[in-house]
Amino acid sequence: MSSTSHSALPQALASEGLPAHVEVRPLRHPGPTNTEPKAVRIAIITLALAFLALCIALPVVSVFYEAFKRGWLAYVTALAEPDALSAIRLTLLVAAISVIANVTFGLIAAWAIAKFEFPGRSLLITLIDLPFSVSPVVAGLVYVLLFGSQGLFAAYLQAWDIKIIFALPGIVLATLFVTFPFVARELIPLMQEQGTAEEEAAVSLGASGLSTFFRVTLPNVKWALLYGVLLCNARAMGEFGAVSVVSGHVRGLTNTMPLHIEILYNEYQFVASFAVASLLALLALVTLVAKTLLEARLAEDAS
């Protein structure tokens, strides 16, 4: 409070017939609300750190330890093995297809849901969230019942000589299902919060709908989009359950990295299995760092 306001306060009180000898004290921020004893706080923090170390840090360290247990040469040899290279290529291909498809759908769905009112809007939101409530194994089984040799569309697929189950299309479909919500779910809340004022202003100035989307809407959600892409890619590369059902486990053809790791481990090829697993662990660490950076950028944009 300034000195001018200090001198004016007694005069104002006197004019109201109140005593002028009032001591004015600056407002103070309340103290910390944590009333637990220091020993309790230390115990809680120690327990949390111990849990993280046991459940997250220790497994990651053990993966890299087992991968390099027999030296760098054994590690590189395991990754250069033809079946391992095939699994890596297939995983990257499926992840790329899934990310592109989910980015396309996520942008369209989020734009429609956040910017327009239409019949079936609530149903669309529910369908986007469906993969979160369905087991990946069940999703893979559904695709087998639809596109398998005894499935609902088997006659049509055989007539056109199209193979989906135990082939790349089935793996892509299963991966698309489990990664379906990530991009859309990151974009929808942000677009709803931003509203439609900027888009309406652009349209009123003569911009077309497509131009408005690319010049106004998309730049405003770019960091949330990258965050959704990051999560989608990580889930696509690490998916096991749904892909395991539809892949057929054909070595060198339909095995992704998680499936290849399982086969190697079951065959007691521990160094090779942990070598491939270390690539997925490295992806997880990179994803964690990128996720932290993107969350900080999103927080800056929100403020």
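Tutor: Buried means under 20% relative accessible area, exposed means over 50%, and partly exposed is what lies in between. Keep that handy, and remember that this is a predicted model.

Student: Okay, then is F182 buried or exposed?

Tutor: The cut-off for buried is under 20% relative accessible area. F182 comes in at 16% relative accessibility, so F182 counts as buried.

Student: And F132, buried or exposed?

Tutor: Here the bar to clear is over 50%. F132 has a relative accessible area of 52%, so the label is exposed.

Student: What kind of aromatic pair do the rings of F132 and F182 make?

Tutor: The structure holds 13 aromatic pairs. In the pair of F132 and F182, the ring centres are 5.9 Å apart and the planes stand at 90°. Planes over 60 degrees apart count as edge-to-face, so F132 and F182 are edge-to-face.

Student: How many residues apart are F132 and F182 in the chain?

Tutor: F132 sits in helix α5 (residues 121-133), while F182 belongs to helix α8 (residues 168-194). The pair links distant parts of the chain, with the two residues 50 residues apart.

Student: Which residues form an aromatic cluster?

Tutor: Look for the one made of a Trp and Phe residues. Its members are W111, F116, F213 and F214.

Student: Let's zoom out. How many helices and strands are there in the protein?

Tutor: Reading from the N terminus, each element in the run is an α. The tally is 14 helices and zero strands.

Student: What share of the contacts with a separation of 6 or more comes from residues 24 or more positions apart?

Tutor: A contact here is heavy atoms within 4.5 Å. Among contacts with a separation of 6 or more, residues 24 or more positions apart account for 71%.

Student: Back to single residues: where does H260 lie, and is H260 buried or exposed?

Tutor: H260 lies in helix α13 (residues 257-266). Leaving aside neighbours within four places in sequence, H260 is in contact with residues including E81, D83, R251 and V276. Its relative accessibility is 2%, so H260 counts as buried.

Student: Now the surface. Why does L52 count as partly exposed?

Tutor: L52 lies in helix α2 (residues 38-67). Partly exposed falls between the buried and exposed cut-offs, 20% and 50%, and L52 fits because its relative accessibility is 44%.

Student: How much accessible area does the nonpolar patch with L52 have together?

Tutor: That surface patch is formed by I45, L49, F51, L52 and I56. Together they have about 530 Å².

Definitions and conventions: Residues numbered from 1 in each chain as written. Predicted model: local features only at pLDDT ≥ 70, side-chain atom pairs only at ≥ 80, totals over all residues. Heavy atoms only, no water. Patch = residues over 30% accessible without salt bridge, like charges linked within 9 Å, V, L, I, M, F, W, Y side chains within 5 Å. Areas by Shrake-Rupley, 256 points an atom, 1.4 Å probe, with all protein chains shown as cover. Salt bridge = Lys/Arg side-chain N within 4 Å of Asp/Glu carboxyl O. Helix = DSSP H or I, 4+ residues; strand = E, 2+ residues; numbered from the N terminus. Buried < 20%, exposed > 50% of the residue type's maximum accessible area, 1.4 Å probe, protein only. Phe/Tyr/Trp six-rings, centres within 6.5 Å; stacked < 30°, edge-to-face > 60°.
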